[in-house]
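Hi,

Here is the structure I said I would pass on. Have a look at it first, and then read my notes below.

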Amino acid sequence: MFVFRCVCVVVCVTVSVCLKLLDEAVMFSGPTGSLFGFSVDFQTINNKSFVVIGAPKANTSQPGVTEGGGVFLCPFSPGDGACAIVNFDLTGDEDHSSSDMRFQTFKSQQWFGASVRAASSTHLLACAPLFHWNVHKGSAESGKTPVGTCFLLDHNTGSSTPFSPCRGIMMDDDYTRMNNRNDQRYCEVGFSADITKEGRLILGAPGSFYFQGQVITVRVGDLLNSGQSSSPIQYVADIHQSDERGFYDIYRGYSVASGVLTRDSIPDYLVGVPNDRNTAGTVRIYDGRSSGLLRVYHTFQGAQVASYFGHSVAVADVNNDGMDDVLVGAPLFMDRVMEQLQERGQVVLYLQKKPGIFSSEPDQSLIGFSIYGRFGSALAALGDLDMDGYQDVAIGAPWGGQNGRGQVFIYLGNSNGLSVTPSQVIDSPLPGSRTAFGFTLRSGADIDANGYPDLLVGAWAADRAFVYRSRAVIQTRIALTLLPDFLNPDVKMCHRGSISVSCFVIQVCVHVSGHRIPQQTALWVELQLDRMKQPMTRRTLLMSSSQPQESMKLMVQREVGVACVNHTAYLRPEEEIRDKLSPIFITVNASLLNTTQHALLRGQTHAAAQTRIILDCGDDNICVPDLKLSAKPVSDSVLVGGDQSVLLSVMAVNDGEGAYETELVVQIPEHTHFQSSQGVNRLVCVQRKENQTVVVTCDLGNPMRQGHPLQTGLLFSVGRLEEVESHITFSLRIRSKNPVNSSSNKVTVRVEVKAAATLEIRGGSSPPEIVLPLRDWQPTTHPGSLEEVGPLVEHVYELRNQGPSSVNARLTVDFPSAWQHHLLLYIFSNASEESLSCQTLNASQIDPFKLVSNSSSVSAVSPLIQQEETNSHSQTIHVNCSSSETGCVRFVCDVMALGRGFSAVIRISARLWTHTLTQTPYLNYELASSASYDVINASSKVQPLLLSSGHTQTQLSVLWRPPDGEKEIPIGYIVLSIISGLLLLCLLCFIFWKLGFFRRTRPPTDDDDNDDEDQRLAEESHMTE
C-alpha cells in the first residue's frame, strides 16, 4: 500500500475574528476532478507575478498517459490571460534498451504536480511521487514500483531536467539475496519538497527502504549540470541523503522544510517522520553541513500515538530573536474536552532559545476548534503580516468549519511565540462541503506589490485555489487626556448660560504610522462620557451639545502622523447626581471611515480615562492617605523544572484619608505571568507594560478607605528558570492618584531558585539465559557472518530522570567480551541511540573481524531454552569487568539536557562466540555487564547542591545440558547394573524354592486322561491272560 493517500472528515467551529488582515480572495479554477490546488506556490517571471498550481490527476497531451497529472501557471493580473498548463514532459511511457537490459517507465496515475516549488524566477520544480519504473534482464525483472520523479523546468529555454534518484538496475532476486537492504523501489521521491535559500532541493521519499523513508538533497546547479542525458539512469553530483537506519514503516520524509536550526549559518533540513516511535511520530533536524550521508542533529518527539505528529512542518522566527523556530502539525491529535477525547488536531511550537538549542517539550501548543477538522494539516510561514517585527503563521484545517467546508487560521507572532487565539479565521468561500479548503498553504510572496506578504490556499476537492492579499496595516495609538484629573464640585470655572459649572477639558489625539500606509487616513472618532452609566443618568455632558457622546471625522496626514481635537465637558449639578463615589469613565473609539483604502487599523483603536468626584477630604479638600504594604513568599524557593509557580502573601492597609484610584503595582521578573488572586480578598489584576517594564496592577478600591486592611495571595507562573543566576525578585508598591503622599513603602520579595534531580538507572539482557548446545547449530572456527558466530545478545540500559530539573550526565557501560584471552561475546555495534553521543576508547574491539557487512539485516534474538535437567556438578565461571581476567569494552555516553520524565537508552549488541564455549563443554558462565552514571551538571545556571550518581548491572547466564536432555552413562555403571540384576534374580529363585514353589502338584490335562485309560486297559489284558 502506498503512503500517498488523502484523509477526509466533517466538523464545525465558532471562533471570534480579532483582526482581518487579508482582503477578499482571487479564485483560480482547474479541470474538474484533476485535484487542481493539491499543491501551490508563487513565482515571479520577468517581473510578473504568477501562481503555480499542481493538479496531480489532470490529463495532458502525453500520448497513452491517463491522469498523469499537470502543473498550471496562472497570471495574477486578469488581463494576462487564464491558467495554462506547463509542458514539463511531452512524452508518454518510455521503453529503453541497453546491452542486455530493458528499462520501462509508466506515467499514468503518476500524480505529477503533487509537489511544486519555485526554485527561482527562471526555474520551476514539479514532482510525480507515483511515477513507476521497471527493469528487465532476460526473464528477471525488478518489479513495477513507484520510484517517483521530479522535473526542473527552465522558463527561458522551455527545457526540463529530470531527477529520479531512486531508479535502480537490480533485479528482484538480487534484492532478495541482499535481504532487501538498500531497497529504494518504493521511494516515492517528491512526495514533499522544499528549496533552501541557498538553492538546494530537499525531497521527501517516505516509501524508500520499505517505507522507512528517506530525505534527499541536491543543488539546483548540480542538477542542471547533469544535462539532458539520454540514459534512463541519470548521474547527478553531490547528492546528500539519509541512510537506512532504524525501524521500517515510519515514513521519513513525509514533510520537509528548511531553516537555520544548528549553530551555524548554513540552512538545515527539517523532516517529518509521522509513523516513528510506534506512531507517536518524530520530527528530525538534519545538519546542513553533512555531506554524503545526512546526520541527525536533533529529534522532536510526539506525545501521542496515532496523532500523525510531523504531518506538516514549518520554520519561522515568530519571536523575532534572530533565530528560526520550528512548528509541527499533528492533525489527528486527540484533546480531552469535558472528560472525553476528541480529535481536534494540534500544532506545537519549539523556540530556538539559543543557537541550535531547543527544549525537549514544546514551548507552545495550539489546539484545533473543530472535531475532525484536521487542524495542522498544512502550515505556512507568512512573514510579517502586520509589520510589527514578528513573523506570523497560517494553519490549515481542511475539514474544519461549518459542514466541514475548511478553514485557515492566522496566528500572529510575538515575543513569547504565537498569539493564543487566531487573529483571523478564513472560512471557505465555496458553497459546498468537504472542499479541502486549507489542505495546502503557501506564502512568503508579495503578489500585488503593496509591501505585505500574501497567502495562497488550495482546495483540491473543489479544483480551486485562492489568493488572499494582505491589506496595509495602519498602526494607531490614541491618547486621551483629562484636565484636571479630578472633578471638584466646589470649583466652578465654566458657565453654561447663567449657571456656573465644574468643567474639564477632554483632549483626543490619534497617532498613525505603518509601512506604506495611505497618504491620508480618514477616521471616524466616537467620544463617550461616563460610559458605564445609562444615558439618562450620566454625570458629565459635553458643553457644546449637552449630550454624553459625539461622533466626528478626523483626518490624519501620513507626514504629520497625528491629529488632535479638544472638547470641554462639565459636571452636572450636585442635586442631579446620586452616585458620587464611582469613577467617571471617558472612552473614545476610532475606525476607518473609508474602507476602500485596502487598509486596516491595528494597535490601539480604543482608549479610556477616568475621573472622579472629590469628596470627604477634610477642610483643605486634600486627601492625604497613609498607605502601608507588606509581602512575603509562601515558599522561600522554587525548583527549576518543577511546579514553577510563586505565591506571594500581601497585606495592604490605609491608615490615612481616602486614597483614590489606588492600585497595587507588582514589578515581576522576566518570563513571569500573573495567574490569579487568592485568599480572603480576591483582587482584580491586569498584567501590562509600563515604560518597557512588565508590571501587574491590582485594584485596591476607589477610594481605598481608612482602616480597612486587604489581605490576598498573588499567584505567578515563572518561566525559563534555567536562565536565572540565583534568585528572582518581585518589587511591590501601592500607588494612588492623590497629589500628596500617593505611594506606600516599596517592598522587595526575593525567591531563591534551586535545582534538583533524581535519576534512576536500570538494565536488562535479551535473552537473560542461553542453554547450550543449541538445536541444529554447527559452530564454525572461522565464521563468515554474524549468523555463524552464535545467538544474538543485547544488553539495554535506561537512564531516566525523575526530575524535576534537567541535567547533563555521563553514562559509562563496561561490557565483557573475553575471559582469559578467550573470546566470549563478539561485539559488532557501537552503543548508540539518537540524542546520545557515545564513544569507546578502542574502536578496534567493535566488529574486529568485519562480519557486519556479510550478515543479514534482520537477526532474531536467541530464544530462551528451558533446561529439563542441569548438571549440578558443572562449574560456573563468573565473568565481569571487575576481574583482571576479563577483557571488557568501555562505552562512555554523554546525555545532554535530559528533562523531567525523559529517558536516555543505549543498546549494546553482540553475538555469543560459541566456538569458545564448545571447547569447554559443561562449563557454565555468568556474563555480567555494568553501567554507572554521574551527573555532570544541571542544564540551568543554578546548580544542584548534590550531583547524584548510581550504577547497576545486567547478566547473561550460559548453561549446558546434553543434547535432547540425555546423558552418556559410564560403562562401569552398565556392568554393575547387569551383576545387580543377576544377583536379584538368584535371590528371587532361592526364596521361591524355600516356599515350595517348585514342588507344587501340576494340574491335570487331557494328555494325562489318555495315559490313565491306556494303563487301565493294559492291566485288564494282563489279568485275562
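Phe992 is partly exposed, because its relative accessible area of 38% falls between the 20% cut-off for buried and the 50% cut-off for exposed. Bear in mind that this is a predicted model, so please read everything here as computed from that prediction. Phe992 sits in helix α7, which covers residues 971-994. It also belongs to a nonpolar surface patch, together with Leu984, Leu987, Leu988, Phe990, Ile991, Trp993, Leu995, Phe997 and Phe998. Taken together, the patch residues have about 1000 Å² of accessible area.

Now for the chain as a whole. I count 8 helices and 72 strands in it. Its radius of gyration is 42 Å, well over the 31 Å that the globule rule gives for 1025 residues, so the chain is more spread out than a compact globule. If you are setting up a box, the C-alpha atoms fill one of roughly 195 × 85 × 75 Å along the principal axes. Even so, buried residues make up 50% of the 1025 residues. The chain exposes about 48500 Å², with carbon and sulfur atoms supplying 51% of that area. As for contacts with a separation of 6 or more, 69% of them are between residues 24 or more positions apart.

Two more spots to look at while you have the viewer open.

The first is Thr840, in strand β67 (residues 836-840). Is Thr840 buried or exposed? Its relative accessible area is 16%, and the cut-off for buried is under 20%, so Thr840 counts as buried. What does Thr840 touch, leaving aside its neighbours within four places in sequence? The contacts are Ile846, Val889, Arg890 and Phe891. With Arg890 there is a polar approach too: a polar atom of the Thr840 side chain lies 2.9 Å from the backbone oxygen of Arg890. Val892 is 52 residues away from Thr840 along the chain, yet their C-alpha atoms are separated by 6.2 Å.

The other is Ser77, which you will find in the loop between β4 (70-75) and β5 (84-85). At 36% relative accessibility, Ser77 is partly exposed, since that value is over the buried limit of 20% but not over the 50% needed for exposed. From Ser77 to Leu412 the distance is 29 Å, C-alpha to C-alpha, with their positions 335 residues apart in sequence.

That's what I have for now. Shout if anything looks odd on your side.

Cheers

Definitions and conventions. Residues are numbered from 1 along each chain as its sequence is written. This is a predicted model: local features need pLDDT of at least 70, side-chain atom pairs count only at pLDDT 80 or more; totals for chains, interfaces and linings use all residues. Side-chain values use heavy atoms; hydrogens and water are left out. Patches are made of residues with over 30% relative accessible area and no salt bridge: like charges are joined within 9 Å, nonpolar side chains (Val, Leu, Ile, Met, Phe, Trp, Tyr) within 5 Å. Accessible areas come from the Shrake-Rupley method with a 1.4 Å probe; for residues, only the protein chains shown count as cover. A salt bridge is a side-chain nitrogen of Lys or Arg within 4 Å of a carboxyl oxygen of Asp or Glu. Helices (H or I, at least four residues) and strands (E, at least two) are DSSP runs, numbered from the N terminus. Buried means under 20% relative accessible area, exposed over 50%, partly exposed in between (1.4 Å probe, protein chains only). The radius of gyration is taken over C-alpha atoms; the globule rule is 2.2 Å times the number of residues to the power 0.38. Contact means heavy atoms within 4.5 Å. A polar contact is a pair of N or O atoms within 3.5 Å; within protein, one must be able to donate a hydrogen and the other to accept it, and residues adjacent in sequence count only if both atoms are side-chain atoms.
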